[in-house]
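User: Hello, I am new to this structure and would like to know one part of it well. Please choose a helix, look closely at how it packs, and then show me where it sits in the rest of the chain.

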Amino acid sequence: MNSLYRSVSQTRRIHTDCALLKEIPRNLKNKKHSSQLWLTRQMRDPYVEKAKQENYRCRSAFKLLEINERFKIFRPGLTVIDCGAAPGSWTQVATNLTNAHGKKEGSIGKVYAVDKLPFYPVEGATILGNMDFTTAETQKALKELLEGSTADVVLSDMAPNASGVREMDHDNIMLLAYAALRFALQITKVQGTLIVKIWDGGKAPQFEQDLLKFYDSVKVVRPDATRDESTENFLLARGFKGLKTS
């Protein structure tokens, strides 16, 4: 069964938002102003170069690494589901910290990564590329891969394509956050953990309250690797209470 979902297209380049640039951009004169700003920002961003040095696909790896350093989320042997995983930097972190690749002695974890886009394999992880996490079909496939077991950690770094209209973008990311929560409620072990990204907006406080209905504690975390201009935060929900059955 696993082999069916491990297949992934090898043709896609890693998303340009996570491009790792080192040299000063040249020929900016012929580029759009927005492109000039993006290239300049990448050049000045220390996490971009650090990601390259440490072989992470994207600077966002350091957000999850910091969250784990502060709150001790991962350990070898855990089962992790990474939603919206492309290009795979969070999957790399989860695989390393759970020993899903089996490179260290001790317990071996499992990591399942899903995204609407295809992306390159990550050693030790099961990749579900070209699959929309929010669909019943994809969620059924994940449950089948788990073979009746449950996840210790569910990750959601999912975000919609930004429209530039802040309220609309906030509404759209909240839809994804609630989709991740609904799935996590079905698939998480008691005392398990959910980490989900949101953007600031009017629906964030209610989402935090909704998380507290199902988890013992919820913290709002903004890692140092988050860009100053970004409105993103991560909600860390720990201690899943389980669902009551009548």
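Analyst: Let's start with how packing is described here: axes are lines fitted to C-alpha atoms, for helices over the stretch in contact, and angles run from 0 to 180 degrees between N-to-C directions. Helices (H or I, at least four residues) and strands (E, at least two) are DSSP runs, numbered from the N terminus. What you see is a predicted model, in which local features need pLDDT of at least 70 and side-chain atom pairs count only at pLDDT 80 or more, while totals for chains, interfaces and linings use all residues. Residues are numbered from 1 along each chain as its sequence is written, and side-chain values use heavy atoms, with hydrogens and water left out.

Our part is helix α7, which runs over residues 166-187. One of its partners is helix α8, residues 204-212. The axes of α7 and α8 lie 11 Å apart and make an angle of about 5°. α7 is therefore roughly parallel to α8, a label for angles under 35 degrees (over 145 is roughly antiparallel, 65 to 115 roughly perpendicular, and the rest oblique). From α7, the residues that take part are His 170, Met 174, Ala 177, Tyr 178 and Leu 181; α8 brings Ala 204, Gln 206, Phe 207, Asp 210 and Leu 211 to the contact. Sorted by class, this contact has 7 nonpolar, 2 polar and 1 charged residues. Here Ala, Val, Leu, Ile, Met, Phe, Trp, Tyr, Cys and Pro count as nonpolar, Asp, Glu, Lys and Arg as charged, and the others, Gly among them, as polar.

His 170 deserves a second look. This residue of helix α7 counts as buried because its relative accessibility is 4%; buried means under 20% relative accessible area, exposed over 50%, and partly exposed in between (1.4 Å probe, protein chains only). Leaving aside neighbours within four places in sequence, His 170 is in contact with Trp 199, Asp 200, Gly 201, Gly 202, Lys 203 and Ala 204. Contact means heavy atoms within 4.5 Å.

Met 168 is also in helix α7. With a relative accessibility of 43%, Met 168 counts as partly exposed. Gly 201 is 33 residues away from Met 168 in sequence, and their C-alpha atoms are 9.8 Å apart in space.

Now for the other partner. α7 also packs with helix α6, residues 136-146: their axes come within 12 Å and cross at roughly 30°. α6 and α7 are therefore roughly parallel to each other. Their crossing is right-handed, which means the near helix is turned clockwise from the far one by less than a right angle (anticlockwise would be left-handed). Gln 139, Leu 142, Lys 143 and Leu 146 of α6 meet Phe 183, Gln 186 and Ile 187 of α7. In this contact there are 4 nonpolar, 2 polar and 1 charged residues.

The loops on either side of α6 each hold a residue with an unusual entry in our list. Asn 130, in the loop between β3 (125-128) and α6, has a phi near 60°, a positive value in a residue other than glycine. Asn 130 is exposed, with a relative accessible area of 54%. Glu 147 is placed in the loop between α6 and β4 (151-156). Although Glu 147 is not a glycine, its phi is positive, at about 55°. Glu 147 counts as exposed at 63% relative accessibility.

Finally, the wider setting. The chain comes to 8 helices and 7 strands, and 49% of its 246 residues count as buried. Among contacts between residues at least 6 apart in sequence, 66% join residues at least 24 apart. Helix α4 (residues 61-71) is mostly covered, with 8 of its 11 residues buried. Just after α4, Lys 72 takes a positive phi of about 55°. Elsewhere, the peptide bond from Ala 86 to Pro 87 is cis, with omega near 5°, and Pro 87 lies in the loop between β1 (79-83) and α5 (89-98).

As for confidence, the chain averages a pLDDT of 84, and 79% of the residues score at least 70; pLDDT is the predictor's confidence in each residue, from 0 to 100. Over residues 1-25 the pLDDT is below 50, and beyond near neighbours in sequence that stretch has 57 contacts in the model. Residues 33-40 have a pLDDT below 50 as well, with 12 such contacts.
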